[in-house]
Amino acid sequence: MCLPAKPKIAMKIVRKNARGESRELLLKEYFLNAYLIAVLKRVGDEVARHRRVDPLPDAGWVRVRHDV
């Protein structure tokens, strides 16, 4: 049984600004930038969290005996 395809309804208002860019293009660019900023912030938070949990072990002094 195959369902009929829904028709696409495009409700876009396309206006060009003074530089010839469409509003749709500007919104896509805005949301892409916002997404990238959010991803970079999340990566930074995760790196900071892992560095707090697993710090490098402290290399302290170790006594070594050498029998000749």
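Reader: What is the relative accessible area of Arg-49?
Author: This is a predicted model, in which local features need pLDDT of at least 70 and side-chain atom pairs count only at pLDDT 80 or more, while totals for chains, interfaces and linings use all residues. Residues are numbered from 1 along each chain as its sequence is written, and side-chain values use heavy atoms, with hydrogens and water left out. A residue is buried under 20% relative accessible area, exposed over 50% and partly exposed in between (1.4 Å probe, protein chains only). Arg-49 counts as partly exposed, because its relative accessible area is 40%.

Reader: Which residue meets Arg-49 in a salt bridge?
Author: Side chains of opposite charge can pair when their charged atoms come close. A salt bridge requires a side-chain nitrogen of Lys or Arg within 4 Å of a carboxyl oxygen of Asp or Glu. At 3.0 Å from N to O, the side chain of Arg-49 meets that of Glu-46.

Reader: Which residues do salt bridges that share partners join into one network?
Author: Glu-46 and Arg-49 are three residues apart in helix H1, so about one helical turn separates them. Salt bridges with shared partners make one network of Arg-42, Glu-46 and Arg-49.

Reader: How far apart are the closest N and O atoms of Arg-42 and Glu-46?
Author: Arg-42 is exposed at 55%, whereas Glu-46 is partly exposed at 25% relative accessible area. Because these residues lie four residues apart in helix H1, about one helical turn separates Arg-42 from Glu-46. In their salt bridge, the distance between the closest N and O atoms is 3.4 Å.

Reader: With which residue does Lys-41 form a salt bridge?
Author: Lys-41 and its partner are four residues apart in helix H1 (residues 23-53), and so are separated by about one helical turn. Lys-41 counts as exposed at 54% relative accessibility, while the partner is partly exposed at 39%. With its closest N and O atoms 3.3 Å apart, the salt bridge joins Lys-41 to Asp-45.

Reader: How many salt bridges does a search of the whole structure find?
Author: Among them are the bridge of Lys-41 with Asp-45 and that of Arg-42 with Glu-46. The search of the whole structure gives a count of three.

Reader: What is the angle between the planes of Tyr-30 and Phe-31?
Author: Rings of Phe, Tyr and Trp (its six-membered ring) pair if their centres lie within 6.5 Å, and planes under 30 degrees apart count as stacked, over 60 as edge-to-face and the rest as tilted. By this rule there is one aromatic pair. Tyr-30 and Phe-31 form this edge-to-face pair, with 5.2 Å from centre to centre and an angle between the planes of 75 degrees.

Reader: What accessible area does the nonpolar patch of Leu-32, Tyr-35, Leu-36, Val-39, Val-43 and Val-47 have together?
Author: Patches consist of residues with over 30% relative accessible area and no salt bridge, where like charges are joined within 9 Å and nonpolar side chains (Val, Leu, Ile, Met, Phe, Trp, Tyr) within 5 Å. Leu-36, one of the patch members, is partly exposed at 42%. Accessible areas come from the Shrake-Rupley method with a 1.4 Å probe, and for residues only the protein chains shown count as cover. Together the six named residues have about 540 Å².

Reader: How many strands are there in the chain?
Author: Helices (H or I, at least four residues) and strands (E, at least two) are DSSP runs, numbered from the N terminus. The chain contains one helix, and its number of strands is zero.
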